[in-house]
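Thanks for coming, everyone; I would like to walk you through one structure this morning, beginning with a pair of helices and ending with some aromatic rings. Please have a look at it before I go on.

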Amino acid sequence: MQLYNKLSAKERAQLIEEAGEERLTLSFYQYHKIGNPELFRNHLFVAWDEMEALGRIYVANEGINAQMSVPAKKFTAFKEFLDGINFLENVRLNIAREQDDKSFLKLKVKVRKKIVADGLVDDTFDVTNKGVHVDASTFNELIEDENTVLVDMRNHYESEIGHFKNAVTPDVDTFRDSLDIIEEDLKDHKEDKKLVMYCTGGIRCEKASAYFKHKGFKNVFQLEGGIIEYARQVEAEKLDNKFKGKNFVFDHRRGERISDDVISNCHQCGTPCDEHVNCANEACHLLFIQCEECAKANENCCSTECAEINALPYEEQKKLRSGKGNSNKIFKKGRSEKLAFKK
């Protein structure tokens, strides 16, 4: 039984091009107690591999978190498969605003301790005692209230290219880093302010809202479906769009434009820009914002040093990378002394 990818990303990309068929990028999550995550993971992989579905999916005892690319002609079969799983029946599917047939090039279904790395010990508080879910219209009303504190639950490199107006955007690298910072900054307003949170698709707010209620916040709200669902409702219902810029997404697209505003700058020259790239030097792979002019001048690298390494023959580059694991300690996101205009 095949439980792994047989094709490389390059081979898969070629097949997608040759097929010339439309694919849908989507995401979903669900908190639910899963007794045997490994068995469930294998079940998903076999079914989705047969459907030619691709993506990055995390399965844990606490549930599932999925970002995927599905052939459009097989979407109905994909939905029927999900509906056949009791806790995923009618689960909300966040369909991407901007489609790209190559948003994902492999199917990765991984078993993790958590579906989001939150650093929390769940049995110390009631994770089901969540905040009030609100739709786009109610959210717009709430964030105009002077008694509301609006908090972005995403990381610095996400909020840098787009966020809601007047939002508190913690300068953090990970979700777990933001929880204690937000509690400390808002400790004097646990009873007199409305704490309203949002994230990309809603999953981070699910856990954060319960955590902050546990910590004594009395009025906790979260944007249902996150920025992705907000943008859909704004367009469908002709609502006022309060989001400025792009919504960072965790696939090859790296972002979806929600408004025409460009609120960030190229990290190399400072010109207005909100295009995230990865440094072409595989030993660096730094995620940063780079304009077209700087991409040409620096050969798609974050620095002269990396450009020089990237120009070396592949085998020499491989030797330089030898002994260095591809961990988060190496593949940093948006933070480097080499970036002169990182705000």
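Helices α6 and α7 cross in a right-handed sense, and I should say straight away that we are looking at a predicted model. The axes of α6, which covers residues 175–185, and α7, which covers residues 203–214, come within 11 Å and cross at roughly 30°. On the α6 side the contact is made by Phe175, Leu179, Asp180, Ile182 and Glu183, and on the α7 side by Arg204, Ala208, Tyr211 and Phe212.

Let me stay with one of these residues, Glu183, which lies in helix α6. Is Glu183 buried or exposed? Its relative accessibility is 16%, and because the cut-off for buried is under 20%, Glu183 counts as buried. Leaving aside residues up to four places away in sequence, Glu183 touches Lys190, Tyr211, Phe212, Lys215 and Phe217, and two of the names in that list, Tyr211 and Phe212, belong to the α7 side of the helix contact.

Next comes helix α8, residues 226–237, where we can check the length against expectation. At 1.5 Å a residue, its 12 residues should span 16 Å, and the end C-alpha atoms are indeed 16 Å apart, so the two agree. The buried residues of α8 are Gly226, Ile227, Ile228, Glu229, Tyr230, Ala231, Gln233 and Val234. Just after the helix, Lys238 takes a positive phi of about 55°.

Tyr230 brings me to the rings, since this buried residue of α8 also belongs to an aromatic cluster together with Phe139, Phe164, Tyr198 and Phe243. How many aromatic pairs does the model contain? The count comes to 15. One of them joins Tyr157 and Phe248 in an edge-to-face arrangement, with 5.3 Å from centre to centre and 75° between the planes. That pair links distant parts of the chain, for Tyr157 sits in helix α5, residues 156–159, and Phe248 in strand β11, residues 243–248, which puts the two partners 91 residues apart. Tyr157 counts as buried, because its relative accessibility is 4%, and Phe248 counts as buried with a relative accessibility of 4%.

Finally, there is a charged group to point out beside a ring: Arg112 lies over the face of Tyr58, at 4.3 Å from the ring centre. I will stop there and take your questions.

Methods. Residues numbered from 1 in each chain as written. Predicted model: local features only at pLDDT ≥ 70, side-chain atom pairs only at ≥ 80, totals over all residues. Heavy atoms only, no water. Phe/Tyr/Trp six-rings, centres within 6.5 Å; stacked < 30°, edge-to-face > 60°. Helix = DSSP H or I, 4+ residues; strand = E, 2+ residues; numbered from the N terminus. Buried < 20%, exposed > 50% of the residue type's maximum accessible area, 1.4 Å probe, protein only. Lys NZ or Arg CZ within 6 Å of the ring centre and 35° of its normal. Expected span 1.5 Å × (residues − 1). Axes fitted to C-alpha atoms, helices over the stretch in contact; angles between N-to-C directions. Left-handed = near helix turned anticlockwise from the far one by under 90°. Contact = heavy atoms within 4.5 Å.
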